[in-house]
Amino acid sequence: MSPILPGATIGFLGGGQLGRMSAMAARALGYNVIALDPSPHCAAKAVADEIIVAPFNDTDAATALAKRCDVVTWEIEKIDIAAAEAASKEVPVRPGNSILRLVQDKGVQKNWLTKNGFPAGPYAVAETVEQAIDLSQSHFPTDCQLRFKSCRDGYDGKAQTKLPSAFTQEDVREAWQSLGARPCIIEQEITLQAELSVL
């Protein structure tokens with residue numbers, strides 16, 4: 001693929017905070033920016049040349065965006081795979097759709113990171129409430145603090161809950177129900193020295 005040089009147009013699937021920061025960098029380098037976002041008042045609005053207002057699963061809008069761009073990227077993992085695939089029929093989508101599939105499921109993502117040698121705190125993936133009860137009692141030290149996170153649709157502290165220090169099976173059931181009774185990742189809370197965000 002040839003380099004996409006300044007003067008070209010970059011399309012963003014998503015116009016949130018990361019989209020705004022990326023759009024600011026793109027504009028400073030001389031690129032044009034069009035973003036697709038459900039909100040007409042999204043964070044990227046102030047710096048994008050144009051906002052296409054449409055849901056993240058609107059394949060027609062994603063296609064229309066891509067037809068006006070030289071390349072498309074996404075700034076949030078909530079982008080519908082079908083929309084990203086529709087855009088990729090028109091122009092390159094970077095990162096690719098295989099990466100989008102990977103990051104949309106925290107369990108799949110965590111397993112991939114661990115398999116590929118990236119450091120990760122103690123965790124387990126539970127597909128059922130029975131697994132969640134068993135893993136939370138058998139997989140972690142008895143004196144640690146546990147956090148349940150939905151494998152899908154959670155970010156920025158959403159779709160997660162902390163178990164009480166001396167939790168019971170009923171606490172695990174309540175945590176499971178509070179996340180929509182769907183697969184979740186159980187993590188042992190650890191002390192962080194720093195947090196890095198890579199885009």
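Axes are lines fitted to C-alpha atoms, for helices over the stretch in contact, and the angles between them run from 0 to 180 degrees between N-to-C directions. In the predicted model described here, helix α6, which spans residues 129–138, packs with helix α7, which spans residues 169–178, at an angle of about 130 degrees, and the axes of the two helices lie 9 Å apart. That angle makes α6 oblique to α7, because angles over 145 degrees would count as roughly antiparallel and those from 65 to 115 as roughly perpendicular. The crossing in which α6 passes α7 is right-handed. On the side of α6, the contact is made by Val129, Ala132, Ile133, Ser136 and Gln137, which meet Gln169, Val172, Arg173 and Trp176 in α7. By character, the residues of this contact between α6 and α7 comprise five nonpolar, three polar and one charged.

The chain also contains an open sheet of four strands, in which the order is β5-β8-β6-β7 and the pairing is antiparallel. Strands β5 (123–126) and β7 (160–162) form the edges, since each of them pairs on one side only. On average, and with direction ignored, neighbouring strands of this sheet are turned by 20 degrees against each other. Within the sheet, strand β6 (residues 146–150) is paired with strand β8 (residues 184–188) in the antiparallel sense, over five bridges, and Ser150 has Cys184 in β8 as its bridge partner. Helix α5, formed by residues 106–115, packs on the sheet and touches β5, β6 and β8, while its direction makes about 140 degrees with that of β5.

One residue of helix α5 may be followed in detail, namely Lys110. The relative accessible area of Lys110 is 17%, and the residue therefore counts as buried, the cut-off being under 20%. When its neighbours within four places in sequence are left aside, Lys110 is in contact with Ala120, Tyr123, Ile185 and Glu187.

For the chain as a whole, the secondary structure comes to seven helices and eight strands. Taken along the principal axes, the box filled by the C-alpha atoms of the chain is roughly 60 × 30 × 30 Å. The chain has 199 residues, of which 42% count as buried. Among the contacts in the chain with a separation of 6 or more, 52% are accounted for by residues 24 or more positions apart.

How values were computed
Residues are numbered from 1 along each chain as its sequence is written. This is a predicted model: local features need pLDDT of at least 70, side-chain atom pairs count only at pLDDT 80 or more; totals for chains, interfaces and linings use all residues. Side-chain values use heavy atoms; hydrogens and water are left out. Angles under 35 degrees count as roughly parallel, over 145 as roughly antiparallel, 65 to 115 as roughly perpendicular and the rest as oblique. A crossing is left-handed if the near helix is turned anticlockwise from the far one by less than a right angle, and right-handed if clockwise. Contact means heavy atoms within 4.5 Å. Ala, Val, Leu, Ile, Met, Phe, Trp, Tyr, Cys and Pro count as nonpolar, Asp, Glu, Lys and Arg as charged, and the others, Gly among them, as polar. Two strands pair if DSSP finds at least two bridges between them. Buried means under 20% relative accessible area, exposed over 50%, partly exposed in between (1.4 Å probe, protein chains only).
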